[in-house]
Amino acid sequence: MKDLKIALLQATPEKTVEENLYKGIEFCRKAKLQGSDIALFPEMWSIGYNIFNVSEKDWTKKAVESTSDFVKAFKREAANLEMAIAITLLEKTDEKPKNSLILFDRKGEKVLSYSKVHTCDFSAERNLSQGDEFYVSTLDTAKGKIKVGAMICYDREFPESARILMIKGAELILTPNACPMEINRLSQLRSRAYENMLAIATCNYPNTVEGCNGGSTIFDGIAYEMNKDESRDMCVLKAGEKEGIYVGSIDIESLRLYRATECQGNSYRRPKKYSLLTKEEKESLFIREDYRP
């Protein structure tokens with residue numbers, strides 16, 4: 001599978017869910033015209049991550065169900081365009097809303113549903129329910145099948161997120177985002193791709209959104225080329241600050257060969273030595289009690 005094309009829809013949100021639906025569909029159609037196999041939205045596209053100075057009650061009003069007209073529209077569009085679409089939303093549930101991603105394949109079938117595990121409980125996201133776990137699914141694209149998982153924004157700051165997705169077989173991690181993508185956060189993504197030998201596609205909001213600055217990226221996960229001593233830059237795409245559709249390609253067959261011959265990822269791990277990582281939070285010396293949910 002060569003040249004799997006991923007479109008990062010670095011779009012400025014509108015004021016309503018309906019307006020974001022229409023604009024989102026428009027961006028998906030333009031992405032297809034550019035030959036994209038997968039289209040990825042920024043975090044919580046349904047409301048444009050408009051969460052600040054909003055009460056929990058208002059959040060609930062703005063949330064949409066996974067079976068809503070908003071989500072169904074992208075399901076239909078994925079089938080119409082024969083292109084996978086990863087739509088993001090503030091998802092209505094029986095409890096508090098969730099920060100979610102739903103991935104539809106090119107036939108309009110739902111292949112992955114993920115809710116943010118590491119919610120930002122130090123800010124407005126304390127009003128959200130956390131996701132249950134990390135999932136990996138097989139996505140059938142026009143270029144072949146690929147194992148896909150998801151992280152959402154703050155998830156990337158925890159090595160365990162990408163690590164467990166790698167262990168579950170992920171070759172590509174889709175990462176919706178809504179924050180400044182400065183050198184340290186970009187370095188996190190590079191590290192997650194390097195240490196797990198997988199591709200990471202991240203879509204952020206442009207600089208027209210407060211607190212965001214574009215910089216959407218694709219890291220292909222291949223740090224070394226066969227028969228070459230020097231390392232290579234895994235960043236195959238870095239968007240500018242402005243709104244736009246940024247399309248980058250990853251060579252999955254080369255990534256699979258790399259994973260079969262290199263020594264990162266799951267090659268030489270010692271899980272029995274990591275038991276401290278699974279202990280309860282109360283046993284840690286570095287928990288901020290004022291932010292505990």
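**Exercise 1. Classify Phe122 by burial, then describe its ring partner.**

Start with the accessible area: Phe122 comes out at 39%, so Phe122 counts as partly exposed. The cut-offs are under 20% relative accessible area for buried, over 50% for exposed, and partly exposed in between, with a 1.4 Å probe and protein chains only. Before going on, note that this is a predicted model, where local features need pLDDT of at least 70, side-chain atom pairs count only at pLDDT 80 or more, and totals for chains, interfaces and linings use all residues. Residues are numbered from 1 along each chain as its sequence is written, and side-chain values use heavy atoms, with hydrogens and water left out.

Now the rings. Phe, Tyr and Trp (its six-membered ring) pair if their centres lie within 6.5 Å; planes under 30 degrees apart are stacked, over 60 edge-to-face, and the rest tilted. Phe122 and Tyr154 sit 5.3 Å apart, centre to centre, with 80° between the planes, an edge-to-face pair. Phe122 is in the loop between strand E5 (110–115) and E6, while Tyr154 is in the loop between strand E7 (144–150) and helix H4 (159–167), 32 residues apart. Those labels are DSSP runs numbered from the N terminus: helices (H or I) of at least four residues, strands (E) of at least two.

**Exercise 2. Work out the geometry of Phe41 and Phe74, and place the two in a cluster.**

First, the total: seven aromatic pairs turn up in the structure. For Phe41 and Phe74, the ring centres are 5.4 Å apart and the planes meet at 80°, so this pair is edge-to-face. Phe41 belongs to the loop between strand E2 (38–40) and helix H2 (56–62), and Phe74 to helix H3 (residues 69–81), 33 residues apart. Next, burial: Phe41 has 1% relative accessibility, so Phe41 is buried, and Phe74 is buried too, at 0%. Finally, Phe41 and Phe74 join Trp45, Phe70 and Tyr205 in one aromatic cluster.

**Exercise 3. Compare what the side chains of Ser137 and Thr141 reach.**

Ser137 is in strand E6, and Thr141 lies in strand E6 (residues 136–141). Both are buried: Ser137 at 19%, Thr141 at 4%.

For polar contacts, look for N or O atoms within 3.5 Å; within protein, one must be able to donate a hydrogen and the other to accept it, and residues adjacent in sequence count only if both atoms are side-chain atoms. A polar atom of the Ser137 side chain lies 2.6 Å from the backbone oxygen of Val111. The Thr141 side chain reaches the backbone nitrogen of Lys143 at 3.0 Å, and one of its polar atoms is 2.7 Å from the backbone oxygen of Gly144.

**Exercise 4. Sort three salt bridges by the burial of their partners.**

Side chains of opposite charge can pair when their charged atoms come close. The rule here is a side-chain nitrogen of Lys or Arg within 4 Å of a carboxyl oxygen of Asp or Glu, and the count comes to 18 salt bridges.

- Lys116 and Glu125 approach to 3.0 Å, N to O. Lys116 is buried at 1%, and Glu125 is buried at 0%.
- Glu182 and Arg185 have their closest N and O atoms 3.4 Å apart. Glu182 is partly exposed at 27%, as is Arg185 at 24%.
- Arg232 and Asp220 meet at 3.0 Å. Arg232 is partly exposed at 28%, whereas Asp220 is buried at 7%.

One last step: shared partners join Arg156, Glu157, Glu182 and Arg185 into one salt-bridge network.
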